[in-house]
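I opened this notebook to keep track of what I looked up, beginning with empty space and ending with a single residue.

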Amino acid sequence: MPQKNKYHRYINLPFEIRKPQICNVKPKDLKHYDIPQHQDENMDNFLKPFNLKVINTEVFHTPGGQKLPIHIDDWKEDDHVKINISWGPPEGTTRWWKPNNFDINEYDGSHNSNQDVNKLDYSNFSDRHHKSIIKTEEECKLVYEANTDKPSLVNVGTFHSSYNPTEQGRWTLCFVLGYGLDDLLSWDKAENIFKDYIE
């Protein structure tokens with residue numbers, strides 16, 4: 001029996017997601033920006049009947065020929081989700097990974113995406129100090145891959161990365177979903193809540 005996909009599902013939203021203005025620029029480096037000023041009323045109205053809200057809105061840029069490292073969006077595995085959409089080449093993807101060995105007790109909060117990981121300098125990656133557990137590709141097995149060029153429910157509480165083998169830059173807009181800052185939406189709940197919209 002094939003393993004259930006708990007990483008990515010396309011979601012048919014009843015509106016078009018507005019592309020943030022910042023996604024029209026072309027940085028040379030990997031970049032992350034929190035953009036709380038980017039209010040999408042359509043997304044807010046869509047989530048309201050489910051008592052959900054957008055906890056944070058952010059964008060990531062993956063330049064041509066680069067990758068965002070394998071990471072979890074926190075210091076713990078929790079299967080929490082975002083709704084993402086990307087603009088860029090069709091070859092650009094989000095990837096999900098399973099570590100060969102992983103013990104959460106090894107991590108004390110000192111691992112973050114501002115460190116030099118995989119011989120890349122992330123000191124200019126973001127204005128925010130990210131809480132992330134990071135792994136190298138040698139420590140993991142690739143288990144799933146998808147292009148998020150249309151609205152996607154993505155599991156960011158497990159190990160994932162971005163991949164862009166082309167010369168064209170790739171922007172990804174992310175809506176972090178939850179009931180409150182300390183109560184993010186889990187994958188299983190999201191599948192049930194959005195069952196009428198998921199492909």
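The entries below take up a cavity, a pocket and one histidine in turn.

Entry one. I noted at the outset that this is a predicted model, and I then searched the whole structure for enclosed space, which gave one cavity of 30 Å³ or more. For the largest cavity I wrote down a space of about 180 Å³. Its lining is made up of 17 residues, and those that lie nearest its centre are Phe60, Leu68, Asn84, His160 and Thr172. I also looked up which elements give two or more residues to this lining, and they are strand S3 (53-62), strand S4 (66-72), strand S5 (81-87), strand S6 (93-99), strand S10 (160-164) and strand S11 (170-180). When I sorted the lining by character, I counted six nonpolar, eight polar and three charged residues.

Entry two. I turned next to the second largest pocket, which holds about 150 Å³ of space. The residues that line this pocket include Lys19, Cys23, Lys26, His61, Trp87, Gln168 and Trp171, and the lining as a whole divides into four nonpolar, five polar and two charged residues.

Entry three. Is His38 buried or exposed? I found His38 in the loop between strand S2 (31-34) and helix H1 (41-47), and I recorded it as buried because its relative accessibility is 8%, while buried means under 20%. Leaving aside residues up to four places away in sequence, I listed Arg18, Lys19, Pro20, Thr57 and Leu173 as the residues that His38 touches. Lys19, one of these contacts, is also among the residues that line the second largest pocket.

How values were computed:
Residues are numbered from 1 along each chain as its sequence is written. This is a predicted model: local features need pLDDT of at least 70, side-chain atom pairs count only at pLDDT 80 or more; totals for chains, interfaces and linings use all residues. Side-chain values use heavy atoms; hydrogens and water are left out. On a 1 Å grid over the protein atoms alone, a cavity is a set of points where a 1.4 Å probe fits but cannot get out, and a pocket is an open set with protein on both sides within 12 Å along at least five of seven lines; lining residues have an atom within 4 Å of a point. Grid points are joined across faces, edges and corners, and a volume is the space filled by probe spheres set on the points. Ala, Val, Leu, Ile, Met, Phe, Trp, Tyr, Cys and Pro count as nonpolar, Asp, Glu, Lys and Arg as charged, and the others, Gly among them, as polar. Helices (H or I, at least four residues) and strands (E, at least two) are DSSP runs, numbered from the N terminus. Buried means under 20% relative accessible area, exposed over 50%, partly exposed in between (1.4 Å probe, protein chains only). Contact means heavy atoms within 4.5 Å.
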